[in-house]
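Dear colleague,

I am passing on the structure we talked about, and I would be glad if you kept it open beside this message while you read.

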Amino acid sequence: MTISGGGDFPASLLLVGAGRMGSALLQGWLKLGLDPGGVHVLDPAPSPELQAFCTTVGVKLGVPATPPEVLVLAIKPQTLASAAPALVSLAAPTTLVISILAGKTLKTLADHLPSAGAFVRAMPNLPAAIGAGITGAVADPAVTPEQKRKADALLAAGGRVEWLGDEDLIDAVTAVSGSGPAYVFYLAECLAEAGIVEGLPPAVAERLARATIEGAGALLAALPEVAAAKLRADVTSPGGTTEAALAELKGGDALPKLIARAVAAARKRAQQLSG
Ligand SMILES: NC(=O)c1ccc[n+]([C@@H]2O[C@H](COP(=O)([O-])OP(=O)(O)OC[C@H]3O[C@@H](n4cnc5c(N)ncnc54)[C@H](OP(=O)(O)O)[C@@H]3O)[C@@H](O)[C@H]2O)c1
């Protein structure tokens with residue numbers, strides 16, 4: 001179910017971890033109207049840029065005096081165990097914890113932060129850094145409808161939000177959209193390399209491959225009601241060049257099988273990393 005698009009921000013928020021993802025989300029929230037006066041950022045070694053940014057926009061660095069309405073966890077998954085003890089007193093039964101930590105289950109989060117009242121586990125992807133991502137999210141049963149609206153508003157700063165009814169599906173989300181941008185970047189690399197083999201100068205091949213993927217993505221975005229399969233069929237004239245290429249990609253189900261194997265491998269790895 002997609003319910004994104006609201007501007008229902010919490011009055012107080014603590015962001016734990018202001019690295020790549022945390023900083024990008026913070027910038028998105030402020031741009032969309034989150035009151036900086038209610039925001040604290042906790043990071044062990046804030047960079048001069050982060051310090052300057054916080055001063056400029058009026059966000060406080062450090063811990064709040066009282067537990068926030070929402071605590072967003074954006075540290076590396078492997079630092080959860082060492083970071084959690086200092087966070088327990090910062091989370092109250094009224095605090096909603098939103099975690100974007102890959103592989104950390106709702107149960108693991110609750111075990112580390114038993115003082116918090118409710119948890120949302122989310123898996124954004126890299127384009128969230130420019131507001132063009134998609135996030136899969138799951139809420140534990142203690143999350144109230146109001147807390148879910150607030151979580152949705154915060155996660156929607158990174159792009160679209162897909163709420164899942166079953167936490168087990170998060171590993172599949174990780175395998176499709178979490179890791180997915182890297183598959184597309186790899187396609188851009190392969191397409192450029194193939195162009196070089198066909199005689200194009202490397203820089204030209206790279207620009208052609210990159211712009212092709214940008215343009216195809218922009219078309220998908222501009223025509224949300226048109227299935228990708230229809231867009232493909234529309235540019236595939238019988239007996240033409242695209243059909244010749246697609247015959248190779250589809251031959252013996254080559255590409256579908258390869259993508260299915262890649263996604264299954266990512267899902268299996270996500271499952272192994274969970275805990
Ligand atoms: N990047 C992605 O595409 C992506 C996609 C989906 C999910 N995620 C998830 O997002 C999370 C953050 O990823 P990232 O790429 O933004 O990592 P990152 O750039 O390394 O950011 C993590 C930040 O947390 C800080 N930190 C470490 N220990 C802390 C503590 N005890 N208290 C407060 N802050 C602490 C780090 O500071 P130091 O650098 O000084 O240690 C760093 O600034 C990860 O859990 C990842 O699974 C990322």
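Below I describe the annotated regions, the two domains and the salt bridges.

Please keep in mind that this is a predicted model, and that the annotations come from a UniProt entry that is unreviewed.

That UniProt record places "domain: Pyrroline-5-carboxylate reductase catalytic N-terminal" at residues 15-103, and in the model this stretch is 34% helix and 18% strand, with its end C-alpha atoms 19 Å apart. Further along the chain, the record places "domain: Pyrroline-5-carboxylate reductase dimerisation" at residues 167-273; here the model has 79% helix and 0% strand, and the C-alpha atoms at the ends of the span lie 15 Å apart.

The domain assignment, which you should keep apart from the UniProt annotation, divides the protein chain into domain 1, covering 13-173, and domain 2, covering 180-273. Their centres, taken over C-alpha atoms, are separated by 33 Å, and the contact between them involves 6 residues from domain 1 and 6 residues from domain 2.

How much area is buried between domain 1 and domain 2? The value is about 460 Å², and carbon and sulfur atoms give 67% of it. On the side of domain 1, Gly103, Leu126 and Asp171 together supply 67% of the area buried against domain 2, which is more than any other three residues supply. The residues of domain 1 that touch domain 2 comprise 3 nonpolar, 2 polar and 1 charged. Between the two domains the count of salt bridges is 0, and the count of residue pairs in polar contact, with both residues at pLDDT 80 or more, is also 0.

The structure as a whole nevertheless holds 7 salt bridges. One of them joins Lys150 to Glu69, with 2.6 Å between the closest N and O atoms. This pair links distant parts of the chain, since Lys150 belongs to helix 5 (residues 145-155) while Glu69 sits in the loop between strand 3 (60-61) and strand 4 (70-73), 81 residues apart. In general, side chains of opposite charge can pair when their charged atoms come close.

With best wishes

Note on methods. Residues numbered from 1 in each chain as written. Predicted model: local features only at pLDDT ≥ 70, side-chain atom pairs only at ≥ 80, totals over all residues. Heavy atoms only, no water. UniProt positions renumbered as here; feature names shortened; annotations may be inferred. Helix = DSSP H or I, 4+ residues; strand = E, 2+ residues; numbered from the N terminus. Domains from an automatic or database assignment. Contact = heavy atoms within 4.5 Å. Buried area = accessible area lost by both parts, 1.4 Å probe. Salt bridge = Lys/Arg side-chain N within 4 Å of Asp/Glu carboxyl O. Polar contact = N/O pair within 3.5 Å; in protein donor to acceptor, adjacent residues only side chain to side chain. Nonpolar A, V, L, I, M, F, W, Y, C, P; charged D, E, K, R; others polar.
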